[in-house]
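Take a look at the chain below. Where does its surface turn nonpolar, and what is enclosed inside?

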Amino acid sequence: MENLSATQQLYYRYIGRLYAFAYFSQRRTFLGATQSGWLRFFTLALLVASLILRWSWPVILLAFLLWLYVGFIYRRAKKAGYNKFVVDETAVPPPTPTATLELNEKIQVRATGRYAVTDKSETLLLIKPAHYWHVPLGDHIVMVEHRPKQFLYQFFNAKTLQKVESGWILFGKTPLSTLAITFLENWGPAHNNNALMYYVGGGAADDLSRLKPRTIYFSFDDPDTQNKVWATLIKDARDVRASL
């Protein structure tokens with residue numbers, strides 16, 4: 001994020017910490033209630049007490065604004081999925097000589113976004129372990145172990161791939177280097193009747209106009225691994241277009 005101004009970096013780190021706080025406080029409990037519930041109750045109780053006890057107007061106003069702010073944080077964080085992706089406007093795709101993944105070579109990533117099986121789907125946040133690889137038939141596969149021995153998936157190929165963007169996911173104190181992969185979704189409950197047909201290719205899979213775009217995110221600890229995945233996606237799309 002060195003190319004961003006100090007103000008932008010400060011703001012993005014603030015947003016990341018805010019979303020992480022909202023996410024974890026929604027899941028951690030104290031005396032049978034979530035920490036977020038206790039925080040909401042405390043700010044409301046503070047506001048009510050300031051009115052009943054007739055504290056000074058500046059204190060009442062401060063209590064009111066605090067109550068509004070806490071509610072706003074949780075609403076915004078939930079709506080955003082407790083994270084935000086920021087595109088790196090200065091990023092350029094890796095050069096052509098960059099090494100790509102071999103067929104069936106699995107790379108471990110942190111997965112964010114909507115993943116599914118045929119009868120259900122879930123929005124996940126920075127799940128690890130998650131594995132990405134591509135196969136000789138041209139399919140790109142993501143497998144996410146969201147619970148012990150329970151897996152969700154996404155599938156796409158060069159025909160359904162729309163774009164790949166480099167940037168950062170804001171969650172926690174440090175923005176995470178991330179690829180945003182947008183494709184036409186053909187997997188999950190909404191496509192249950194045609195899931196196998198889409199997966200093996202042909203038939204309904206050729207009717208791309210019926211498919212809606214979906215974006216998933218791969219976050220990386222190693223920039224070389226990120227470039228390798230990015231180069232693989234670009235090469236596959238380029239090869240398919242050249243063959244048309």
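This report covers a surface patch and then a cavity.

The model is predicted.

**The surface patch**

A nonpolar patch sits on the surface. Its members are Leu44, Val48, Ile52, Leu53, Trp55, Val59, Leu61, Phe64, Leu65, Trp67 and Leu68. Together they have about 970 Å² of accessible area. Two helices, H2 (35-52) and H3 (57-79), each supply at least two of the patch residues. Helix H3 gives the most, with 6 residues.

Tryptophan 55 belongs to the patch. It lies in the loop between H2 and H3. Is tryptophan 55 buried, partly exposed or exposed? Its relative accessibility is 33%. Buried means under 20% and exposed means over 50%, so tryptophan 55 counts as partly exposed.

**The cavity**

Now to the inside. Rolling a probe the size of a water molecule over the atoms shows where empty space is left. Here the count comes to 1 cavity of 30 Å³ or more. The largest cavity has a volume of about 30 Å³. Which residues line the largest cavity? They are Ile15, Leu18, Tyr19, Phe72, Ile73 and Arg76. Helix H1 (6-27) and H3 are the elements that give two or more residues to this lining. The table sorts the lining residues by class.

| Class in the lining of the largest cavity | Residues |
|---|---|
| Nonpolar | 5 residues |
| Polar | no residues |
| Charged | 1 residue |

Helix H3 therefore appears in both parts of this report: it supplies residues to the nonpolar patch and to the lining of the largest cavity.

Definitions and conventions: Residues numbered from 1 in each chain as written. Predicted model: local features only at pLDDT ≥ 70, side-chain atom pairs only at ≥ 80, totals over all residues. Heavy atoms only, no water. Patch = residues over 30% accessible without salt bridge, like charges linked within 9 Å, V, L, I, M, F, W, Y side chains within 5 Å. Areas by Shrake-Rupley, 256 points an atom, 1.4 Å probe, with all protein chains shown as cover. Salt bridge = Lys/Arg side-chain N within 4 Å of Asp/Glu carboxyl O. Helix = DSSP H or I, 4+ residues; strand = E, 2+ residues; numbered from the N terminus. Buried < 20%, exposed > 50% of the residue type's maximum accessible area, 1.4 Å probe, protein only. 1 Å grid on protein atoms, 1.4 Å probe; cavity = no way out; pocket = protein on both sides within 12 Å on 5 of 7 lines; lining within 4 Å. Points joined across faces, edges and corners; volume = space filled by probe spheres on them. Nonpolar A, V, L, I, M, F, W, Y, C, P; charged D, E, K, R; others polar.
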